[in-house]
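Okay, thanks everyone. Let me put the structure up on the screen, and then I'll walk you through a few spots in it.

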Amino acid sequence: MRKVLIVTGPGGDAQGWGDMKVTETMCETLNTGDLAAEIAYVTTTEEFLQALSSRRYDIVWSALYYISQREDIIGLGEVNEWVADMLDERGIPYIGPNAQTMKDLIQKYETHRIMHENGVPVPAFALVSPGDALPEVAFPAFVKPNCESRSVGISDGSVVHNRRKLAERIRYVHEKLEQAALVEEFLPGEEYTVLMLGNGRLQEILPGLVTVDKSHFGRHQILRSDLRGVGLTKISIPADRQRAQEARELTKRATDALKCWDHVRVDMRVDAQGRLRVMEVNGIPGLKPVKSWSPQIYSLYHPSPGGPMEEYRNMLHLIVHSALERHGLGSEKKSGTGKEP
């Protein structure tokens with residue numbers, strides 16, 4: 001039997017797959033079949049290292065990019081101790097992309113830069129840190145925080161049509177969200193989100209079309225934070241097979257360029273010329289049963305007679321077993337006590 005140490009903390013909701021209730025559901029779901037799981041809730045680096053040294057496990061699955069007391073936003077600040085770095089230093093296997101990829105994914109500008117350099121189509125983009133001059137951009141433009149997820153900091157005001165509004169929105173990101181602003185070309189078309197699960201022979205790339213009833217939009221058809229997690233956002237299998245295949249191919253190119261493993265989600269949107277552009281790659285996607293996009297997409301493609309919770313279990317087990325195989329741990333059923341670091 002393989003053992004999974006699930007790591008979370010105060011930042012688990014803002015940074016990762018969800019709050020403590022979601023984590024407990026994950027743990028309960030993983031404690032079936034040939035897997036066992038337990039949770040380490042950590043508030044400091046010292047608590048994290050203590051959990052690593054005192055628990056017995058084969059692999060770690062963390063909801064945290066880094067240990068933080070913040071529950072509202074990711075916000076990086078001066079971050080020196082990344083969870084994946086500490087795991088790498090100790091030779092501990094973990095689920096998810098490596099430390100460098102995690103750093104690149106949490107900082108959207110780096111994600112865009114790497115994809116652009118590898119020929120993956122992204123919107124035109126510019127990073128604006130406090131004190132930087134206002135960039136020359138085409139309007140309308142889209143302004144968002146560089147290091148957030150879950151549409152934090154996104155509203156109708158994110159779409160700007162002139163330099164005065166551009167300066168105002170950049171200042172909002174600097175002052176309210178305490179980070180650099182990413183200015184992008186505004187993409188007005190349909191939105192897709194693509195689930196990448198597993199690696200090698202176990203990898204699946206599953207596209208979903210994101211829709212919201214137009215009555216819920218404001219001035220612009222954008223996914224504001226208040227539209228998420230309240231049942232207003234719908235995911236469906238794209239009816240346009242050609243577009244779905246395009247989304248799969250873009251996801252493969254993007255995740256290969258960024259060296260993504262195990263479980264990530266790629267968001268993309270159609271530009272004014274009708275072309276798909278990749279907007280973001282989420283390194284720790286939400287895992288709330290039924291409501292988060294990853295479980296929703298998986299269920300669309302893998303309906304089970306046992307219903308959504310059985311589908312959820314199958315998805316989590318796929319992620320863990322694929323990661324175990326990637327680390328050379330296999331997925332054989334054993335009765336040992338797991339790894340003791």
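So, how are α5 and α6 oriented to each other, roughly parallel or roughly perpendicular? Before I answer, keep in mind that this is a predicted model. Right, the numbers: helix α5, residues 99-106, packs against helix α6, residues 108-117, at an angle of about 105°, and their axes are 4 Å apart. The window for roughly perpendicular is 65 to 115 degrees, so α5 and α6 are roughly perpendicular to each other. On the α5 side you've got Asp104, Leu105 and Ile106, and they meet Lys108, Glu110, Thr111 and Ile114 in α6. If you sort that contact by class, there are three nonpolar, one polar and three charged residues.

Now another helix pair, α2 and α10. Helix α2 is residues 20-30 and helix α10 is residues 308-326, and their axes come within 9 Å and cross at roughly 80°. That angle makes α2 roughly perpendicular to α10. Who's touching whom? From α2 it's Val22, Thr25, Met26, Thr29 and Leu30, and from α10 it's Met309, Tyr312, Arg313, Leu316, His317 and Val320. By class, this α2 and α10 contact has seven nonpolar, three polar and one charged residues.

Hang on to a few of those names, as we go to the cores. As a general point, nonpolar side chains tend to be buried together in soluble globular proteins. In this model, the largest nonpolar core has 41 residues, and the members touching the most other members are Trp17, Leu30, Trp61, Leu287, Met315, Leu316 and Val320. Which element gives the largest share of this core? That's α10, with eight residues. Take Met315 from that list: leaving out anything within four places in sequence, Met315 contacts Leu197, Leu287, Ser294, Pro295 and Tyr298. There's also another core, lying apart from the largest one, with 22 residues, including Met115, Val120, Ala247 and Leu276.

Okay, strand β7, residues 181-185. Glu184 sits in that strand. Is Glu184 buried or exposed? The cut-off for buried is under 20% relative accessible area, and Glu184 comes in at 4%, so Glu184 counts as buried. What does the side chain of Glu184 make a polar contact with? The side chain of Lys144, at 3.0 Å. Skipping the neighbours within four places in sequence, Glu184 is also in contact with His112, Pro123, Ala124, Phe125, Ala141, Phe142 and Met279, among others.

In β7 we also have Ala181. Ala181 has a relative accessible area of 0%, so it's buried. Again leaving out neighbours within four places, Ala181 touches Ala126, Leu127, Val128, Val143, Lys144, Ile170, Val173 and His174. And the C-alpha atoms of Ala181 and Arg171, which are 10 residues apart along the chain, are separated by 8.4 Å.

Next, the end of strand β12, residues 276-282, where we find Asn282. Asn282 is buried, with 10% relative accessible area. Its side chain reaches the backbone nitrogen of Ile284 at 3.0 Å. Beyond four places in sequence, Asn282 is in contact with Tyr65, Ser149, Val264 and Arg265.

Then comes the loop between β12 and α9, and Gly286 is in it. With a relative accessible area of 18%, Gly286 counts as buried. Outside its neighbours within four places, Gly286 contacts Trp17, Arg265, Ser292, Ser294 and Pro295. How far apart are Gly286 and Ala63 in space, with their positions 223 residues apart in sequence? C-alpha to C-alpha, Gly286 and Ala63 are 9.3 Å apart.

Last bit, backbone geometry. Generally, most residues other than glycine have a negative phi, and most peptide bonds are trans. Here, the peptide bond from Phe139 to Pro140 is cis, with omega near 0°. Pro140 is in the loop between β4 and β5. Then there's Asp262, not a glycine, but with a positive phi of about 75°. Asp262 is in the loop between α8 and β11, and Asp262 is buried at 0% relative accessible area. Val290 also has a positive phi, near 75°, and Val290 lies in the loop between β12 and α9.

That's my tour, so over to you for questions.

Key. Residues numbered from 1 in each chain as written. Predicted model: local features only at pLDDT ≥ 70, side-chain atom pairs only at ≥ 80, totals over all residues. Heavy atoms only, no water. Axes fitted to C-alpha atoms, helices over the stretch in contact; angles between N-to-C directions. Helix = DSSP H or I, 4+ residues; strand = E, 2+ residues; numbered from the N terminus. Parallel < 35°, antiparallel > 145°, perpendicular 65-115°, else oblique. Contact = heavy atoms within 4.5 Å. Nonpolar A, V, L, I, M, F, W, Y, C, P; charged D, E, K, R; others polar. Buried < 20%, exposed > 50% of the residue type's maximum accessible area, 1.4 Å probe, protein only. Polar contact = N/O pair within 3.5 Å; in protein donor to acceptor, adjacent residues only side chain to side chain. Core = buried A, V, L, I, M, F, W, Y, C linked by side-chain atoms within 4.5 Å.
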